[in-house]
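Trainee: Before I use any of the labels attached to this model, I would like to hear what stands behind them.

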Amino acid sequence: MSEASTSPERDRRGRREADAEELLACDDCMSPADAFSVVASETRLSILEALWRSEETPVRFSDLRREVGMRDSAQFNYHLGKLTDQFVVRTDEGYDLRHAGKAVVRAVLAGTFNESPDVEPFGVGDPCVDCGAELRASYADETFAVACPDCGKPHGKYAFPPGGLNDRDETELLRAFDQRVRHLHCLAADGVCPECNGRMTTNIVEADEPEDAPLGLSVHVEHVCAQCRHRLRSSVGLSLLDQSDVVSFYRERGVDLSATPYWTLPWCVSDEYVEVLDRDPWALRVAIPESDETLTVTLGPDLGIREAEREA
Ligand SMILES: [Zn+2]
Ligand SMILES: [Zn+2]
């Protein structure tokens, strides 16, 4: 085999390196460091934000300057010039945001760059699935968590951008967190990384020592992104929340599953309801009890439902 012959893996690596080189060598492109230095100015961020908030675009120079509140026209022109082409597009009618400009405003609005809000832990109003004590929600390091203050049982802990805390009271915050967790797992289970849109793979993981295992679960699901290495862990039950068998089982009992916080569903936060049928390939059985009946579903390695059965 000669040096030039390539394996698929080397092929991919070669292509990635070539892509990266091309990106760095691109004459029209701006390096990330340069891009950040351009927007690391209050005035420039104000310009981008004014364009974002403007109901009609393009916006004329004089209107934009008034909106930003800058008297010095030459100085304003200087800052606007720094943004033009990369973040802002200039036409005969005026100025508008380019995709990169919108991305900056979104990042700022999401609070990723400049907020570190303090949220005091608060009572969730729902009981711990293990001991019945009232759950508490807390927020630290841009991560929202629901856990039991008495027995310590975790009920979910996921990244939650600080922008999501704005203008939301505790009830709305819990609702947003519930929706976000479902959404993240939905995307991940469908093979799309919620961070970078890269390819995600789903694995079933069994821990030897459940006490040390993530989420305190001996059997759980792990989604990993092949591109950015982002990792998302969850209970097996969480992946069943949008499955039609499960949704209709609840609907027939008058329960709207999408409006039920996942942490109130024991089979979503505990692995007591999960039984390992096989490990190669993986086959799991999950029991979902609700009022007088139990729905039992059998899952394959991709967490798709292979069989669903009801028992009184
Ligand atoms: Zn508890
Ligand atoms: Zn990713």
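The conversation below sets values against definitions.

Mentor: This is a predicted model, in which local features need pLDDT of at least 70 and side-chain atom pairs count only at pLDDT 80 or more, while totals for chains, interfaces and linings use all residues. Residues are numbered from 1 along each chain, chains are lettered from A and ligands numbered from 1 in the order written, and side-chain values use heavy atoms, without hydrogens and water.

Trainee: What makes Cys-128 (SG), Cys-131 (SG), Cys-148 (SG) and Cys-151 (SG) donors of the zinc ion (ligand 1)?

Mentor: They lie 2.2 to 2.4 Å from the zinc ion (ligand 1), and a donor is an N, O or S atom within 2.8 Å of the metal (3.2 Å for Na, K and Ca), so these sulfur atoms qualify; water is not among the atoms, so sites may look incomplete.

Trainee: Why is the site of the zinc ion (ligand 1) called tetrahedral?

Mentor: The angles among its four donor atoms are 100 to 118 degrees, and four donors count as tetrahedral if all angles lie between 85 and 135 degrees, so the label applies.

Trainee: How do you know that Cys-128 is buried?

Mentor: Cys-128 has a relative accessible area of 4%, and buried means under 20% (exposed is over 50%, partly exposed in between, with a 1.4 Å probe and protein chains only), so Cys-128 is buried. Cys-148, at 4% relative accessibility, also counts as buried.

Trainee: What makes the site of the zinc ion (ligand 2) tetrahedral?

Mentor: Its four donor atoms make angles of 103 to 114 degrees, and Cys-193 (SG), Cys-196 (SG), Cys-225 (SG) and Cys-228 (SG) coordinate this ion at 2.3 to 2.4 Å.

How values were computed: Tetrahedral: all angles 85-135°; square planar, octahedral: opposite > 155°, others 65-115°.
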